[in-house]
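Visitor: I am new to reading protein models. Could you take one part and walk me through it closely?

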Amino acid sequence: MAEFVRHSGLVVPLDRINVDTDLIIPKQFLKSIQRTGFGVHLFDSLRYLDEGVLGQDCSQRELNSTFPLNEPRYRDASILLSGANFGCGSSREHAAWALLEYGFRCVIAPSFSDIFYNNCVNNGLLPVVLAEAEVAVLMQRAAATPLRLCVDLAARCVSVGEEGATPEHWDFEIDDFRRDCLLRGVDDIALSLEQEEAIRAFEARRLREAPWLYATPASSAAASVPQRS
Amino acid sequence: MAKQTLYDKLWAAHLVHERDDNVALIYIDRHLLHEVTSPQAFAGLRHAGRKPWQPAACLAMVDHAIPTESAQRGSGTAGIRDELSRIQVKALDDNCADFGIEQFALDDPRQGIVHVVGPELGAVLPGMTIVCGDSHTSTHGALGALAFGIGTSEVEHVLATQCLLQKKMGNMRVCFEGELSAGVSSKDMALALIGHGGSSLGVGCAVEFVGETVRSLSVEGRMTLCNMAVEAGARCGLVAVDQCTLDYVRGRPMAPRAALWPQAEHAWRELHSDADAVYDSELVMDAGAIAPQVSWGTAPDMVAAVDAVVPDPAREADPARRAQLEQALQYMGLEPDMALTDIPLDTVFIGSCTNARIEDLRSAAAVLRGRRKHPSLRRALVVPGSGQVRRQAESEGLDQIFLAAGMEWREAGCSMCLGMNDDYLSPGERCASTSNRNFEGRQGFGGRTHLLSPAMAAAATIHGRIADVRELL
């Protein structure tokens, strides 16, 4: 995964709850077999007035001027602030890829869906959970005047300004393991493979205790299931 | 020893290693793969020079982006007209061939929606850990298995290590008591639960469904309930193993046979929560009071009984929720206080991993028998969940009921649930759908979705608007 230590940037408020991953990256873009090319289609149906197509030139498309990401004052935003249950719905990791490729390094919300939260961490996009009331205050401020925040993962702290450790700050929680992985940009597959012997031992025991697991491989499974009423 | 929940037992049985910080390595017994969320994982595997740890645990099939018209299904991958979909399907064909993974390709009689095929084939079994790069993997929890959706990085992780790194989730218990009324199904139970508890009710939890109503459901009905657990925010749903589960599994092509069956049955009979197990949270639902449900908004928790009216945002006290309601009604083109049964429709879709099993099709056909699609409807699709479901439906004459009603009878796939193929809604098009998500644009750019049960979709087909199936029974 990519490393995340500390990031300062402009906040764009997306004042909406239950932002689902279909909204973040609509289905027609999931036909791509690449990890890239999703940034220009982030929030496609909200950002543009027409229906997007994978691989098109987006520079000529008409923008929805009321969508915050399109407002000139938020053009350089790299921190997305949104409502509860952010990233709900589909497990598509394309949502995290699209946010990163657009230029976001951090999403702040009162809560995230479980799968999306993992997808973010696995890509070095930091999901920060702040209390509902804190997010509401930040939402108002970001809508009123340009708000720049410093997100310090080492200190588990969000503060106003560029440098961190300012009087205006909010602590957030993230478990030690994920924090450590992000700070070091760990290859978590390699980390699991450090337990190779333990996995092999477990697998041998599991197959002894549950010998039916792979007893009939799919290749030899009959094409037809017995009919049932 | 402390009393354990079903989730506690499944977790403990798959624990490979636990670190001091409670992050655990858990073993994955079954890895289901499909064409949309796997190509980047295989690319990562290739890039790192890694191989699948246990190819026998993997089973792949195409379902999300494939055509469901018979005309495009006669000549395998090459017959897919859409170039991007053809490339994506071909990528799965090639990746499975390269890495020695069993795949049900487009023309395989066993092909279908991964969450329909897994259980029907016995490829997923009680007591297993099951993952797939798809949030509706929660479906398989109906068999007393620990099943949850994962992202593509995690798909790569499981391919390479057969394990996932994670912390244990919380335990939530949802109890349904009482007898379901006629015309009410497990889909209505799920929607009523989400309407009551909200879209983030189960975040961070494994939700176990218990109670006499759940026990009285068939395994397929339990699958619908667990499938929708993710719409309540829970990564997985669970139902304990009982005789009904064992009867369902026995004799399936990949289920244990001969001497292995009694051994498996013995182990599976332990797959229930202990009597005094403690949960982090509990909820009780009166199933007898549940009416057929219809969603009216753009999140699954925006749902009501069919005889209700569209809510008025002005009556909502919470400003965030009020803004969401206003946004939803605007997108859906609905007015406050209009009766749900006054909502006219353009399209009906019966299908998806939520409701495209044989019992779902029987339930819809029972309502449609001898009746016809309302002339105001543009189209009505019936998309079986698998080739097997399609064949069984045809052997029971269900296809003839749908065709006689003026509906289309398609080949298996995810189809209009997410509209990645040619089956999608046009801007403003309004659809009664047996699928699982009514998000903006889910079924097509600007499309409007009303979630309901197969029987309710049948009633909607007959009336050309949202209708109460109880009046047709």
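Guide: We will look at a group of rings in chain A, then at helix packing in chain B.

This is a predicted model. Start with the setting. Chain A holds 8 helices and 7 strands. Its C-alpha trace spans about 65 × 45 × 35 Å along the principal axes. The chain has 229 residues, and 57% of them are buried. Now take the contacts in chain A with a separation of 6 or more: 62% of them join residues 24 or more positions apart.

Next, the rings. Over all chains, the count of aromatic pairs comes to 14. One of them joins A:Phe86 and A:Phe112. Their centres are 6.1 Å apart, and their planes meet at 75 degrees. Planes over 60 degrees apart count as edge-to-face, so this pair is edge-to-face. The two partners come from distant parts of the chain, 26 residues apart. A:Phe86 sits in the loop between strand E2 (77–82) and helix H3 (94–102) of chain A. A:Phe112 sits in the loop between strand E3 (106–109) and helix H4 (114–121) of chain A.

Are these rings buried or exposed? A:Phe86 has a relative accessible area of 0%, so it is buried. A:Phe112 is at 5%, so it counts as buried too. A:Phe112 also pairs with A:Phe116. Here the centres are 6.3 Å apart and the planes lie at 15 degrees, so the pair is stacked. A:Phe116 is buried as well, at 2%. Ring pairs link A:Phe86, A:Phe112, A:Phe116 and A:Tyr117 into a cluster.

Rings can also have a charge over them. The charged end of A:Arg200 sits over the ring of B:Trp53, 4.3 Å from the ring centre. In chain B, the charged end of B:Arg252 sits over the ring of B:Tyr248, 3.9 Å from the centre.

Now the helices of chain B. Two packed helices are described by the angle between their axes and the distance between the axes. Take H2(B), residues 39–47, and H5(B), residues 152–161. They pack at about 50 degrees, with axes 8 Å apart. The two helices are therefore oblique to each other. Their crossing is right-handed. From H2(B), the contact uses B:Gln40, B:Ala41, B:Phe42, B:Gly44 and B:Leu45. From H5(B), B:Thr152, B:Val155, B:Glu156, B:Leu159 and B:Ala160 take part.

Move on to H13(B), residues 387–395. Which of its residues are buried? They are B:Gly387, B:Gln388, B:Val389, B:Arg390, B:Gln392 and B:Ala393. What covers them? The cover includes helix H4 (114–121), helix H12 (358–368), helix H14 (398–404) and strand E17 (408–409) of chain B.

Look closer at one of these covers, H12(B). H12(B) and H13(B) pack at an angle of about 40 degrees, with their axes 9 Å apart. That angle makes H12(B) oblique to H13(B). The crossing of this pair is right-handed. On the H12(B) side, B:Ile358, B:Leu361 and B:Arg362 make the meeting. On the H13(B) side, their partners are B:Val389, B:Gln392 and B:Ala393. Those H13(B) residues are among the buried ones listed above. Just after H13(B), B:Gly397 takes a positive phi of about 80 degrees.

Technical notes. Residues are numbered from 1 along each chain as its sequence is written. Chains are lettered from A and ligands numbered from 1 in the order in which they are written. This is a predicted model: local features need pLDDT of at least 70, side-chain atom pairs count only at pLDDT 80 or more; totals for chains, interfaces and linings use all residues. Side-chain values use heavy atoms; hydrogens and water are left out. Rings of Phe, Tyr and Trp (its six-membered ring) pair if their centres lie within 6.5 Å; planes under 30 degrees apart count as stacked, over 60 as edge-to-face and the rest as tilted. Helices (H or I, at least four residues) and strands (E, at least two) are DSSP runs, numbered from the N terminus. Buried means under 20% relative accessible area, exposed over 50%, partly exposed in between (1.4 Å probe, protein chains only). A charge sits over a ring if NZ of Lys or CZ of Arg is within 6 Å of the ring centre and within 35 degrees of the ring normal. Axes are lines fitted to C-alpha atoms, for helices over the stretch in contact, and angles run from 0 to 180 degrees between N-to-C directions. Angles under 35 degrees count as roughly parallel, over 145 as roughly antiparallel, 65 to 115 as roughly perpendicular and the rest as oblique. A crossing is left-handed if the near helix is turned anticlockwise from the far one by less than a right angle, and right-handed if clockwise. Contact means heavy atoms within 4.5 Å.
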